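Here is a friendly walk through one protein chain, from its strands to its loops. Have the sequence and the 3D view open as you read.

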Amino acid sequence: MPPTGVFFWEKSMKKITVVNQFDIYFAPEDHKSLLEAMEEQGVRISNMCHDGFCNQCRCEITEGEVEYFQDIILSEPEKYILPCSCIPKTDLTVIPD
Ligand code: FES
């Protein structure tokens, strides 16, 4: 669900297109992980550890780049991301696993 009510677009915000769900907006100033931002805006992503190890939150990335803020264990990092452990560097298009 996109933000409701009064919405101020900040230049630093990133648009996250979640295939088969809806678009959300990520504000770096909120100091949240991509997973936290997705959950807050109603996107359903299965998750468990929030530490980059279980791979439950894994999403395929088809467009854009992310930056990790903690160490992760992930095979095929060019194809997948772990939203619990990263923030977007650009607008993204992701497909939840
Ligand atoms: S919730 Fe475990 S890797 Fe993201």
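## A strand with two faces

Let's begin with β1, where the side chains alternate: K14, I16 and V18 point to one face and are buried, whereas K15 and T17 point to the other face and are not buried. Keep in mind that this is a predicted model. The pattern fits a general rule: in a regular strand the side chains alternate between the two faces of the sheet.

The next strand, β2, can be read in a similar way. Its covered face holds I24 and F26, and its uncovered face holds D23 and Y25.

## The overall fold

How many helices and strands does the protein chain have? There are one helix and seven strands. Starting from the N terminus, the elements follow the order β-β-α-β-β-β-β-β.

Now for the dimensions. The C-alpha trace spans about 40 × 25 × 25 Å along its principal axes. The radius of gyration is 12 Å, which agrees with the value near 13 Å that a compact globule of 97 residues would have. Of those 97 residues, 26% count as buried. If you take the contacts between residues at least 6 apart in sequence, 47% of them join residues at least 24 apart.

## How the sheet is put together

Five strands form an open sheet with mixed pairing, in the order β2-β1-β7-β3-β5. Which strands are at the edges? They are β2 and β5, each of which pairs on one side only. As a reminder, strands of a sheet pair through backbone hydrogen bonds, either parallel or antiparallel.

You can trace the pairing strand by strand. β1 and β2 are antiparallel partners joined by four bridges; here K14 stands opposite F26 in β2, and K15 has Y25 of β2 as its bridge partner. On to the pairing of β1 with β7, which is parallel and has three bridges, with I16 opposite L92 in β7. β7 also pairs with β3, this time antiparallel and over four bridges; in β7, V94 is the residue that stands opposite I61.

## The nonpolar core

In soluble globular proteins, nonpolar side chains tend to be buried together. Here the largest nonpolar core has 19 residues, and those that touch the most other members are I16, V18, I24, L34, M38, I81 and V94. At least two core residues come from each of β1 (14–18), β2 (23–26), α1 (34–40), β3 (59–63) and β7 (92–96). Which element gives the most to this core? That is α1, with four residues.

I16 is a good residue to click on. It is among the core members with the most contacts to other members, and it is on the buried face of β1. What does I16 touch beyond its neighbours within four places in sequence? Its contacts there are D23, I24, F26, P88, L92 and V94. One of these, L92 in β7, is also the residue that stands opposite I16.

## Loops worth a look

N20 lies in the loop between β1 and β2. In this hairpin, which has four residues between the strands, N20 takes a positive phi near 70°, and N20 is a residue other than glycine. Is N20 buried or exposed? It is exposed, because 6 other C-beta atoms lie within 10 Å.

A second positive phi in a residue other than glycine, near 60°, belongs to E76. E76 sits in the loop between β4 (66–68) and β5 (80–81). With 8 C-beta neighbours inside 10 Å, E76 also counts as exposed.

S75 lies in the loop between β4 and β5 too. S75 has 8 other C-beta atoms within 10 Å, so it is exposed. Where does N55 come in? Its C-alpha atom is separated from that of S75 by 9.4 Å, and the two residues are 20 apart along the chain.

Notes. Residues numbered from 1 in each chain as written. Predicted model: local features only at pLDDT ≥ 70, side-chain atom pairs only at ≥ 80, totals over all residues. Rg over C-alpha atoms; globule rule 2.2 N^0.38 Å. Buried ≥ 20, exposed ≤ 12 C-beta atoms within 10 Å, placed from the backbone. Contact = placed C-beta atoms within 7 Å. Core = buried A, V, L, I, M, F, W, Y, C linked by C-beta atoms within 7 Å. Pairing = 2+ DSSP bridges.
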